Amino acid sequence: IGLRKLEIIETAVLGGTFDPVHKGHLALAHDILERELAQEVMFVPSARPPHKSGQKITSSEDRLAMLELAIQDEEKFLISDYEIENNYRESYTIHTLTALKTAMPSRRFKLVIGMDNLEILHTWYKYADIIRDYPVITYGRPGVKKQFQFNLIERFAGRQVENLMRGIIDDGPQNNISSTEIRQGIATGKVNESLVIPQVMEYIKDKGLYNESN
């Protein structure tokens, strides 16, 4: 009896609060596909990120709804609500990646982070397991790769440094869009609406999100 080989789908995991999702997030996801770093991008909105404890975060329902609107025409973009559905605890990346791997064995997951997170990756829960089991794609700033190698050598073991350096993209789209600034702009009536997908901005207005009174 012939055995059919399971096709493995390369899936990049892009986590965040997405409060709100904006065009910078989508540009990053498109760049991942264009570079063929993955065949699809999975957005994973956080429930309660450990590094944002105490900060007010828009409801998970609204953040999910905005994400769905933002990617509704993108067949290679997916959403996982794992962290939101398991919001009885803080969201640790290793828990999410392990759960996704168990639930979807036909996918090979890669983690996408920014250079700011790479600088503190050594403080993450079970960071060594993440580096060992999941390729890490890091979007940085132009020209930082070579100088950043010294920082990694101070914080990680030799094989870990090799794996992390291999995943640094230092000529990617420059995401200068800030969800915080968008929220503040909406609250003060000075938001640049071109930074947000029109359907998402319409949802924000309809729901009255980010108004100073909220």
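Of the chain's 214 residues, 44% count as buried, where buried means under 20% relative accessible area, exposed over 50% and partly exposed in between (1.4 Å probe, protein chains only). The model is a predicted one: local features need pLDDT of at least 70, side-chain atom pairs count only at pLDDT 80 or more, and totals for chains, interfaces and linings use all residues. Residues are numbered from 1 along each chain as its sequence is written, and side-chain values use heavy atoms, with hydrogens and water left out.

Let's start with the layout. The chain has ten helices and six strands; helices (H or I, at least four residues) and strands (E, at least two) are DSSP runs, numbered from the N terminus. The six strands make an open sheet with parallel pairing, in the order E3-E2-E1-E4-E5-E6. At its edges sit E3 and E6, each pairing on one side only. Two strands pair if DSSP finds at least two bridges between them, and E2 and E3, which run parallel, are joined by three.

Here are some of the elements that each supply at least two residues of the largest nonpolar core:

| Element | Residues |
|---|---|
| Strand E1 | 9-16 |
| Helix H1 | 23-34 |
| Strand E5 | 136-139 |
| Helix H9 | 179-188 |
| Helix H10 | 198-207 |

E2 and H2 belong on that list too. A nonpolar core is a set of buried Ala, Val, Leu, Ile, Met, Phe, Trp, Tyr and Cys residues joined through side-chain atoms within 4.5 Å. This one has 33 residues, and Val41 and Phe43 have the most contacts inside it. Apart from it lies another core, of 24 residues, among them Leu97 and Ile113.

So what does Phe43 stand opposite in E3? That would be Ile79. Leaving aside neighbours within four places in sequence, Phe43 is in contact (heavy atoms within 4.5 Å) with residues including Leu14, Phe18, Leu67 and Ile79. Helix H2 (residues 60-71) lies across E2 and E3, running at about 165 degrees to E3; axes are lines fitted to C-alpha atoms, for helices over the stretch in contact, and angles run from 0 to 180 degrees between N-to-C directions.

Now for Glu40, which lies in strand E2 (residues 40-45). Is Glu40 buried or exposed? Glu40 counts as buried because its relative accessibility is 9%. Its side chain joins that of Thr11 in a polar contact of 2.7 Å. Such a contact is a pair of N or O atoms within 3.5 Å; within protein, one must be able to donate a hydrogen and the other to accept it, and residues adjacent in sequence count only if both atoms are side-chain atoms.
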